[in-house]
Amino acid sequence: MASPSRQAPVIIITGTPGTGKSTHAQMLADESPIPLKHINVGEWVKERGLYEDFDQEWQSYTVDEDKLLDELEPVVAEGGIILDWHTCEIFPERWADLVVVLRCDHTRLWERLEKRGYPLKKIEENNEAEIMQVVLEEARSSYPAEIVVELKSEGTEDLEANVERMVEWITLWRKDHGEEV
Ligand SMILES: Nc1ncnc2c1ncn2[C@@H]1O[C@H](COP(=O)(O)OP(=O)(O)O)[C@@H](O)[C@H]1O
């Protein structure tokens, strides 16, 4: 159960790389009725050296999860956070008020990852993970069903509608927690 004492919610935006997490998180931070801090967890890991090493073959960092959780804990406890990462199961259940899992058609996802210059192997791995809905299953097995929401992120109309829904959700959350909106 998420902390009842927070005055602003913690929203996890997750999904396979390229599904649109950072784009959504940035737009939500801009449009939210209350201040929200967008934490791009991958960037945090790099900037703060919260990794064990860098895997050349996969072009990715091996994250030091204990260090990451220790650094995030006091920040998340304040509330008003958007956690943007391609995995979510390491975050304690009590951290999350809402978990948004972004989904994208695999052909479109392939194009986005190609544009990003990912090695073929990494594009294939992520594409397969999206088809097998790995992140969605992970979210469903880590958090209560009622806080996990799957949203399509293929075109800009999806992006706008998703952000609008999240803004509405924040407004309701604030009312439910006795806060002025
Ligand atoms: N719903 C969407 N509509 C249009 N373009 C999108 C959408 N979601 C993501 N994109 C585009 O896909 C690319 C990857 O998005 P990004 O937010 O960086 O993904 P992630 O943070 O999940 O890796 C960006 O070029 C972004 O503009």
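Reader: Before we start, what are helices and strands here, and how are they numbered?

Author: Helices and strands are DSSP runs numbered from the N terminus, where a helix (H or I) has at least four residues and a strand (E) has at least two. Please keep in mind that this is a predicted model.

Reader: Okay, so where's Q133, then?

Author: Q133 sits in the loop that runs between α5 and α6, the second of these being residues 134-142. Although Q133 is not a glycine, its phi is positive, at about 45°.

Reader: And why is Q133 called partly exposed?

Author: Q133 has 15 other C-beta atoms within 10 Å, and a residue is buried at 20 or more and exposed at 12 or fewer, so Q133 falls in between.

Reader: Which other residue, not a glycine, has a positive phi?

Author: Q59 has one, with a phi near 50°. Q59 belongs to the loop between β3 (51-55) and β4 (60-63), and because 12 C-beta neighbours lie inside 10 Å, Q59 counts as exposed.

Reader: How far is Q59 from P119 in space?

Author: Their C-alpha atoms are separated by 8.0 Å, even though P119 and Q59 are 60 residues apart along the chain. P119 is placed in the loop between α4 (106-115) and α5 (120-131), and P119 counts as exposed because there are 12 C-beta neighbours inside 10 Å.

Reader: What else is in the loop between α4 and α5?

Author: R116 is also placed in the loop between α4 and α5, and R116 is exposed because 11 other C-beta atoms lie within 10 Å. Along the chain R116 is 98 residues from G18, yet the C-alpha atoms of the two are separated by 8.7 Å.

Reader: Switching topic: which residues come nearest to the ligand?

Author: There are 15 residues around the ligand, and G20, K21, S22, T23 and L159 come nearest. The elements that contribute two or more residues to this shell are α1 (21-31) and α7 (156-176).

Reader: How do the shell residues divide into nonpolar, polar and charged?

Author: The shell around the ligand has two nonpolar residues, nine polar ones and four charged ones.

Reader: You mentioned α1, so which of its residues are buried?

Author: In α1 the buried residues are K21, H24, A25 and L28. Because they cover an arc of only 95° around the axis, they lie on the same side of α1. The partners they pack against are β1, β2 (37-40), β5 (81-84), β6 and α7.

Reader: And α7, what span should its 21 residues have?

Author: At 1.5 Å a residue, α7 should span 30 Å, and its end C-alpha atoms are indeed 30 Å apart, which agrees. Its buried residues, N162, V163, M166 and I170, are the next thing to look for. Viewed down the axis of α7, the buried residues fall within an arc of 95°, so they line one face of the helix.

Reader: What do the buried residues of α7 pack against?

Author: They pack against β1 (10-14), α1, β6 and β7 (148-152). On the face turned away from the buried side, α7 carries the exposed residues E157, E160, E168, L172, K175 and D176.

Reader: Where are A161 and R174?

Author: Helix α7 holds A161 as well as R174. A161 counts as partly exposed because it has 13 C-beta neighbours inside 10 Å, and R174 is partly exposed because it has 17 other C-beta atoms within 10 Å. Measuring C-alpha to C-alpha, A161 and L151 are 9.7 Å apart in space and ten residues apart in sequence, while R174 and V148 are 18 Å apart in space and 26 residues apart in sequence.

Reader: And what comes just after α7?

Author: Just after α7 you will find G178, which takes a positive phi of about 70°.

Reader: Last topic: which residues touch the most other members of the largest nonpolar core?

Author: That core has 38 residues, and I11, I12, I82, L83, A96, V99 and V100 touch the most other members. Strand β6 (residues 98-103) supplies the largest share of this core, namely five residues.

Reader: Which residues does V100 touch?

Author: Leaving out residues up to four places away in sequence, V100 touches I11, I12, I13, V149, L151 and M166. One of these, M166, is among the buried residues of α7.

Conventions. Residues are numbered from 1 along each chain as its sequence is written. This is a predicted model: local features need pLDDT of at least 70, side-chain atom pairs count only at pLDDT 80 or more; totals for chains, interfaces and linings use all residues. A residue is near a molecule or strand if its C-beta atom, placed from the backbone, lies within 6 Å of it. Ala, Val, Leu, Ile, Met, Phe, Trp, Tyr, Cys and Pro count as nonpolar, Asp, Glu, Lys and Arg as charged, and the others, Gly among them, as polar. A nonpolar core is a set of buried Ala, Val, Leu, Ile, Met, Phe, Trp, Tyr and Cys residues joined through C-beta atoms within 7 Å. Two residues are in contact if their C-beta atoms, placed from the backbone, lie within 7 Å. The expected span of a helix is 1.5 Å times one less than its number of residues. The arc is that of the directions from the helix axis to the C-beta atoms.
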